[in-house]
Amino acid sequence: MKRPLLNRRLAPFGTTIFAEMSALATRTGAINLGQGFPDTDGPEEVREAAVRALRDGRGNQYPPGPGVPELRTAIADHQHERYGLAYDPDTEVLVTTGATEAIAASLLALVEPGDEVIALEPYYDSYAACIALAGGTRVPVTLRPREGAYVLDLDELRAAVTDRTRLILLNTPHNPTGTVLTRAELTAIAELAVERDLLVVTDEVYEHLVYDDTVHIPIASLPGMRERTVTIGSAGKTFSFTGWKVGWTTASPALTTAVRSAKQFLTYVSGGPFQYAVAEALRLPAAYFDGLRADLAAKRDLLSEGLAAAGFEVYRPAGTYFVTTDIRPLGTDDGFAFCRSLPERAGVVAIPNAVFYDDQEAGGPFVRFAFCKRKDVLQEAVERLGRLAR
């Protein structure tokens with residue numbers, strides 16, 4: 001064959017760094033702090049709800065295309081009770097196969113070939129692939145480290161908008177930096193979207209994983225934004241059932257219809273029994289969510305302090321379950337080489353942040369660690385990382 005087998009839009013995207021580093025962890029026996037999944041299951045009552053749905057025959061066949069009514073109602077109630085956002089579960093809520101499918105369906109539905117999509121860099125790796133599949137042009141606006149945190153330059157964001165800009169793809173709380181956009185930042189983004197008539201797709205899967213005095217604010221709750229925003233949520237990060245792949249979107253009827261038009265040709269439906277279980281999970285008492293945050297905040301502090309003691313410069317996250325570090329104090333600025341050697345040097349796996357950048361040189365000296373692991377695993381990882389300082 002003369003033509004390449006792989007679609008040219010996907011040609012720049014090979015095997016993900018997560019697959020490479022997870023294989024390295026398996027081969028070396030290293031502690032895997034690279035990929036962001038918990039090493040314990042979520043609440044027992046939620047697991048039992050899934051078992052009960054299986055035994056009762058609920059969801060064992062194709063569930064409704066938009067998602068089971070119980071889950072759509074629970075999602076709508078969650079948005080209203082948490083944020084004062086009222087959504088009709090029948091016309092404004094769509095259940096997806098995880099947040100990744102929600103992102104893909106939203107971009108495939110809303111982006112025409114040649115449209116520009118602004119994404120906050122560094123960004124979750126599926127963003128770039130989904131924009132490419134939609135035929136869009138990715139326009140990165142870079143969050144930059146400053147005084148121990150990553151900060152959005154609003155002037156840079158405004159300058160990135162052109163007549164070809166179709167939408168802004170947000171992620172807050174932000175993976176991999178742990179930044180949580182403030183009300184002032186979100187208000188400025190909202191005003192820009194209204195002024196330039198832009199859509200916003202916002203990935204809020206870490207909405208419940210915010211720490212200290214940080215508050216998560218959905219941009220859809222700001223003036224002028226409800227009708228132009230697709231909000232994406234997920235059960236995986238909040239309830240520690242990442243393998244269930246239950247996500248969702250909330251949006252106006254017109255936007256929901258558009259996203260559903262693309263989603264129906266991806267998986268159509270999935271996870272029937274798990275949908276019933278997630279509906280119950282979303283109704284857990286506030287004590288569950290408070291306990292989750294407190295547990296993860298303690299783990300964040302444990303790993304952050306250990307990384308600092310090992311010689312890293314640490315950017316303490318306000319949200320998510322990732323810590324970004326600067327490796328230059330350790331005498332190198334090559335994150336790829338550092339992460340590939342770390343399992344042999346210290347028995348720990350991490351992810352080079354450069355994979356989340358268009359400009360890989362800008363992300364070169366930064367490395368991400370996940371702290372969504374058992375305390376004893378993190379303590380062992382900290383002990384191993386301490387070898388770097390000896």
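This briefing walks through strands, salt bridges and a surface patch in the structure above. Please keep in mind that the model is predicted. Two strands to look at early on are strand 3, whose 6 residues are buried in 6 of 6 cases, and strand 2, where 5 of 5 residues are buried. The structure also holds 25 salt bridges, and a few of them are described below.

**Strand 3 and its neighbours**

- Strand 3 covers residues 116–121, and because 6 of its 6 residues are buried, the strand is largely enclosed by the rest of the structure.
- In a regular strand, side chains alternate between the two faces of the sheet.
- For strand 3, Glu-116, Ile-118 and Leu-120 are on one side, Val-117, Ala-119 and Glu-121 are on the other, and all of them are buried, leaving both faces covered.
- Strand 4 (residues 137–142) runs parallel to strand 3, and 6 bridges join the two.
- If you would like one pair to find on screen, Leu-120 has Val-141 as its bridge partner in strand 4.
- Between these two strands the chain passes through helix 5 (residues 125–133), making a β-α-β crossover that is right-handed.
- Strand 7 (residues 165–171) is also parallel to strand 3, with 4 bridges joining them.
- Here Ala-119 of the strand 3 pairing stands opposite Leu-169 in strand 7.

**Thr-165 in strand 7**

- Thr-165 has its place in strand 7.
- With a relative accessible area of 9%, Thr-165 is buried, since the cut-off for buried is under 20%.
- A polar atom of the Thr-165 side chain lies 2.8 Å from the backbone nitrogen of Thr-162.

**Strand 2**

- Strand 2 is mostly covered, with 5 of its 5 residues buried.
- Val-93, Val-95 and Thr-97 sit on one side and Leu-94 and Thr-96 on the other; these residues are all buried, and both faces are covered.
- Strand 2 pairs with strand 10 (residues 246–250) over 5 bridges, and this pairing is antiparallel.
- Within that pairing, Thr-96 has Gly-247 of strand 10 as its bridge partner.

**An antiparallel open sheet**

- Strands can pair in a parallel or antiparallel way, through backbone hydrogen bonds.
- An open sheet is formed by 4 strands in the order 11-12-15-14, with antiparallel pairing.
- Its edges are strand 11 and strand 14 (351–352); each has a single partner strand, so one side of each is left without a neighbour in the sheet.
- Strand 11 is joined to strand 12 by 3 bridges, and the two run antiparallel.
- Glu-313 has its bridge partner, Asp-326, in strand 12.

**Salt bridges involving helix 3**

- Asp-90 and Arg-72 form a salt bridge in which the closest N and O atoms are 3.3 Å apart.
- Arg-72 belongs to helix 3 (69–83), while Asp-90 lies in the loop between helix 3 and strand 2 (93–97), so this pair ties together parts that are 18 residues apart in sequence.
- Asp-90 is exposed, with a relative accessible area of 54%, whereas Arg-72 counts as buried at 7% relative accessibility.
- Arg-283 and Asp-77 also meet through their side chains in a salt bridge, at 3.0 Å from N to O.
- Asp-77 is in helix 3 and Arg-283 is in the loop between helix 10 (272–281) and helix 11 (286–310), so the pair ties together parts that are 206 residues apart in sequence.
- Arg-283 is partly exposed, with a relative accessible area of 46%, and Asp-77 is partly exposed too, with 26%.

**A salt-bridge network involving helix 11**

- The side chains of Asp-301 and Arg-316 meet in a salt bridge, 3.0 Å from N to O.
- Asp-301 lies in helix 11, and Arg-316 is in the loop between strand 11 (313–315) and strand 12 (322–326), so the two tie together parts that are 15 residues apart in sequence.
- Asp-212, Arg-300, Asp-301 and Arg-316 are joined into one network by salt bridges that share partners.
- Arg-316 counts as partly exposed, at 45% relative accessibility.

**A nonpolar surface patch**

- Leu-108, Leu-133 and Leu-266 make a nonpolar surface patch of about 220 Å².
- Leu-108 is placed in helix 4 (residues 98–110).
- The relative accessible area of Leu-108 is 35%, so this residue is partly exposed.

How values were computed:
Residues numbered from 1 in each chain as written. Predicted model: local features only at pLDDT ≥ 70, side-chain atom pairs only at ≥ 80, totals over all residues. Heavy atoms only, no water. Patch = residues over 30% accessible without salt bridge, like charges linked within 9 Å, V, L, I, M, F, W, Y side chains within 5 Å. Areas by Shrake-Rupley, 256 points an atom, 1.4 Å probe, with all protein chains shown as cover. Salt bridge = Lys/Arg side-chain N within 4 Å of Asp/Glu carboxyl O. Buried < 20%, exposed > 50% of the residue type's maximum accessible area, 1.4 Å probe, protein only. Pairing = 2+ DSSP bridges. Right-handed = clockwise from strand over helix to strand, strands pointing away. Polar contact = N/O pair within 3.5 Å; in protein donor to acceptor, adjacent residues only side chain to side chain.
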